[in-house]
Amino acid sequence: MSTPSTPSTPSDANPPGSTVDRAFQLALYADPGAAVLDTAASLLAADPAADGELVRRGEEFLAVAWRRGWQPADAVRMVRRELDDAHVRLVTELVLAQAVRDDRPRGRRWADQLADLGRHHGETAAPAPAPRSDRFSHATAVLELYRLLLRLPALEPLDEPARQRHAPRSEPRVLARIRALLAKAEATGYPDEAEALSAKAQELMARHSVDEALLAARTPDADAPGACRIGVDAPYEQAKAVLLDAVATANHCRAVWNEPFGFSTVVGFEPDLEAVELLYTSLLVQATTAMTRAEAAQRAGGRKRTKTFRQSFLAAYAHRIGTRLATATAEATALTAESRAADLLPVLASREAAVTAATDQLFPETTTSRLRGVSDAAGWTEGSRAADRARVAARRPLA
């Protein structure tokens with residue numbers, strides 16, 4: 001991954017000596033202390049005529065970030081990790097405003113990210129305050145945000161395959177069924193019911209993946225792997241990354257974790273990527289619910305549990321889920337081979353090779369790491385039990 005870079009001078013398209021240029025020279029292109037940042041914010045606060053240029057310059061910073069491989073959800077996630085809610089609102093508004101003038105063709109995932117940001121922003125936006133009575137605080141937050149955007153390093157580009165990029169957006173009916181099943185699994189308080197719902201969802205995922213694979217193999221315009229980034233948020237992000245890796249592997253994908261930026265890049269074919277996002281999100285919700293209940297039971301028994309219990313719980317959950325998913329995948333493959341060996345197995349082998357090649361191209365060098373902080377025996381036991389309750393049953397032959 002390349003190191004962050006910082007321009008030494010402002011854009012030539014902006015008039016030298018403008019209020020924005022002077023503020024940026026102080027706050028963005030140097031290494032200011034609090035006093036210098038205050039001075040820059042004061043300049044902007046005292047000049048309402050600079051507001052339009054300030055927004056436009058922010059959109060330019062975003063455009064540069066997109067060229068460096070960042071996507072809307074990535075930028076917002078990074079701001080959330082490094083700054084606070086006020087900056088998240090600012091960057092969300094900036095992303096949505098910049099999208100209106102962004103004439104570069106984008107893929108379906110990009111459009112989905114913008115839709116999610118717009119929906120979330122509409123749900124959480126506070127009532128409009130009185131006209132900028134505190135321009136200084138607003139200018140300070142903008143400068144802090146722009147300083148972060150300016151220093152975003154280059155990421156691996158995740159251009160969607162051309163066939164997927166230009167395809168009309170219509171979610172298959174099976175995905176709607178999968179979403180509904182997983183939502184019920186997350187909401188139920190009965191482990192057996194959650195297990196049955198998760199098993200049915202996984203079966204539908206497998207059928208959808210196989211159908212898409214066979215269809216793509218018969219299409220002259222051959223499909224190609226794509227990639228997406230899935231947030232892996234603190235706390236206990238290492239255990240969550242292991243869980244995501246297990247789900248990705250079980251669904252014919254590869255996952256590479258970027259710890260500093262809080263996401264994993266998952267490489268695979270589009271139906272499998274959607275399955276990974278759905279199943280990982282659902283299992284994480286189920287794991288968190290089960291962990292809360294287990295911790296409450298431990299405390300009721302007089303045993304205090306803290307971070308080590310939760311870390312060990314999630315690590316065991318991820319480990320056990322990974323084992324069960326691997327077993328289920330092997331059994332499903334063996335069962336499917338009995339009925340579709342002639343058609344399916346060569347297709348799956350070819351797609352696995354394509355995913356491996358795409359991953360190696362994106363990430364020519366990777367390292368492995370060991371789980372840290374797993375030292376609570378009770379947490380490990382409870383996490384394993386929770387994973388057993390969330391297990392995915394062996395699938396029927398996909399005839």
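In the predicted model, the residues that line the largest pocket comprise 16 charged, 12 nonpolar and 7 polar side chains by class. The space within this largest pocket amounts to about 1,200 Å³. Its lining consists of 35 residues, of which Ala-73, Gln-113, Asp-116, Arg-229 and Glu-277 are the closest to the pocket centre. Several elements of secondary structure contribute at least two residues each to the lining: the helices α4 (72-82), α5 (85-100), α6 (108-124), α9 (173-187) and α12 (270-300), together with the strand β1 (226-231).

Helix α12, one of the contributors to the pocket lining, also packs against helix α11, which spans residues 237-250. The axes of α11 and α12 come within 9 Å and cross at roughly 140°. Because angles over 145 degrees would count as roughly antiparallel, a crossing at this angle makes α11 oblique to α12. The crossing of α11 past α12 is right-handed. On the α11 side, the contact is formed by Lys-240, Leu-243, Leu-244, Val-247 and Ala-248, and on the α12 side by Val-276, Leu-279, Tyr-280, Leu-283 and Leu-284. By class, this contact contains 9 nonpolar residues and 1 charged residue, with no polar residues.

The loop between β1 and α11 holds two backbone features. Pro-235 lies in this loop, and the peptide bond that joins Ala-234 to Pro-235 is cis, with omega near 0°. Tyr-236 is found in the loop between β1 and α11 as well. Although Tyr-236 is not a glycine, its phi is positive, at about 60°.

A second helix pair is formed by α2 (residues 34-45) and α7 (residues 135-150), whose axes come within 8 Å and cross at roughly 120°. Because the range from 65 to 115 degrees counts as roughly perpendicular, an angle of this value makes α2 oblique to α7. Helix α2 passes α7 in a right-handed crossing. From α2, the residues in contact are Leu-37, Asp-38, Ala-40, Ala-41, Ser-42, Leu-44 and Ala-45, and these meet Arg-135, Phe-136, Ala-139, Thr-140, Leu-143 and Glu-144 of α7. The contact of α2 with α7 divides into 8 nonpolar, 2 polar and 3 charged residues.

Conventions:
Residues numbered from 1 in each chain as written. Predicted model: local features only at pLDDT ≥ 70, side-chain atom pairs only at ≥ 80, totals over all residues. Heavy atoms only, no water. 1 Å grid on protein atoms, 1.4 Å probe; cavity = no way out; pocket = protein on both sides within 12 Å on 5 of 7 lines; lining within 4 Å. Points joined across faces, edges and corners; volume = space filled by probe spheres on them. Helix = DSSP H or I, 4+ residues; strand = E, 2+ residues; numbered from the N terminus. Nonpolar A, V, L, I, M, F, W, Y, C, P; charged D, E, K, R; others polar. Axes fitted to C-alpha atoms, helices over the stretch in contact; angles between N-to-C directions. Parallel < 35°, antiparallel > 145°, perpendicular 65-115°, else oblique. Left-handed = near helix turned anticlockwise from the far one by under 90°. Contact = heavy atoms within 4.5 Å.
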